[in-house]
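Reader: Please take a close look at one part of this model for me. What lines the largest pocket? Then work outward from there.

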Amino acid sequence: MPALRFLGGLLLLLAVVILVADITNSGGSLLSGLTISTAKHWAGLAPGLLAATQKSVLSISPILWDPFLKSLLAIPAWGVFASFGALLTYLGRRRRRINIYTN
């Protein structure tokens with residue numbers, strides 16, 4: 001599964017880039033740079049897309065938006081990308097070959 005490892009590596013790289021950008025844009029304060037949420041990043045990059053996504057998810061199921069997606073968007077952006085990157089890297093790992101011998 002080299003494709004999963006590659007995609008996971010890209011997501012981990014993106015997480016590091018976002019973390020460094022957050023820390024440098026926060027004026028050097030490490031703690032405030034670590035807590036910028038994914039929703040704030042998304043609203044800064046594409047506010048119309050965020051509103052359209054919220055509207056479409058609320059039309060499907062309000063329960064899906066409020067407890068699940070809203071809490072996911074409250075997590076810092078670097079943490080979201082690092083988590084998904086680590087998961088994809090783990091799922092795409094090379095499996096150890098086990099030799100089974102019978103007598």
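Author: First, a term. Helices here are DSSP runs of H or I with at least four residues, numbered from the N terminus. The model is predicted.

Now the pocket. The largest pocket holds about 260 Å³ of space. Its lining is made by Ile-18, Thr-38, His-41, Trp-42, Leu-45, Leu-72, Leu-73, Ala-77, Val-80, Phe-81 and Phe-84. Three elements give two or more residues each: helix 3 (38–45), helix 5 (62–73) and helix 6 (77–91). Take them in turn. Helix 3 supplies Thr-38, His-41, Trp-42 and Leu-45. Helix 5 supplies Leu-72 and Leu-73. Helix 6 supplies Ala-77, Val-80, Phe-81 and Phe-84. Ile-18 also belongs to the lining, and its number falls within helix 1 (residues 2–25).

Chemistry next. The lining has 9 nonpolar residues, 2 polar ones and no charged ones. Thr-38 and His-41 are outside the nonpolar and charged sets, so they count as polar.

Where are charges paired? One salt bridge is counted in the model. In it, the side chain of Lys-70 meets that of Asp-66, at 3.9 Å from N to O. The cut-off is 4 Å, so this pair qualifies. Side chains of opposite charge can pair when their charged atoms come close. Lys-70 and Asp-66 lie in helix 5, 4 residues apart, about one turn of the helix. Helix 5 is also one of the elements of the pocket lining. Lys-70 has 48% relative accessibility, so it counts as partly exposed. Asp-66 is partly exposed too, because its value is 45%.

Now helix 1. Leu-14 lies in this helix. Its C-alpha is 7.7 Å from that of Trp-78, although the two are 64 residues apart in sequence. Val-16 is found in helix 1 as well. Here the C-alpha separation from Trp-78 is 6.8 Å, across 62 residues of chain. Trp-78 itself falls within helix 6 (77–91). Leu-14 counts as partly exposed because its relative accessibility is 35%. Val-16, at 48%, is therefore partly exposed.

Helix 1 has a surface feature too. Phe-6, Leu-7, Leu-10, Leu-13 and Val-17 make a nonpolar surface patch of about 500 Å². Leu-10 is one of its members and sits in helix 1. At 41% relative accessibility, Leu-10 is partly exposed. Patch members need over 30%, so Leu-10 passes that test.

Last, the chain beyond the helices that line the pocket. Tyr-101 is placed in the segment after helix 6. Its relative accessibility is 69%, so it counts as exposed. The limit for that class is over 50%. Between Tyr-101 and Pro-47 there are 60 Å from C-alpha to C-alpha, with a sequence separation of 54 residues. Set that beside Val-16 and Trp-78: 62 residues apart along the chain, 6.8 Å between C-alpha atoms.

Note on methods: Residues are numbered from 1 along each chain as its sequence is written. This is a predicted model: local features need pLDDT of at least 70, side-chain atom pairs count only at pLDDT 80 or more; totals for chains, interfaces and linings use all residues. Side-chain values use heavy atoms; hydrogens and water are left out. On a 1 Å grid over the protein atoms alone, a cavity is a set of points where a 1.4 Å probe fits but cannot get out, and a pocket is an open set with protein on both sides within 12 Å along at least five of seven lines; lining residues have an atom within 4 Å of a point. Grid points are joined across faces, edges and corners, and a volume is the space filled by probe spheres set on the points. Patches are made of residues with over 30% relative accessible area and no salt bridge: like charges are joined within 9 Å, nonpolar side chains (Val, Leu, Ile, Met, Phe, Trp, Tyr) within 5 Å. Accessible areas come from the Shrake-Rupley method with a 1.4 Å probe; for residues, only the protein chains shown count as cover. Buried means under 20% relative accessible area, exposed over 50%, partly exposed in between (1.4 Å probe, protein chains only).
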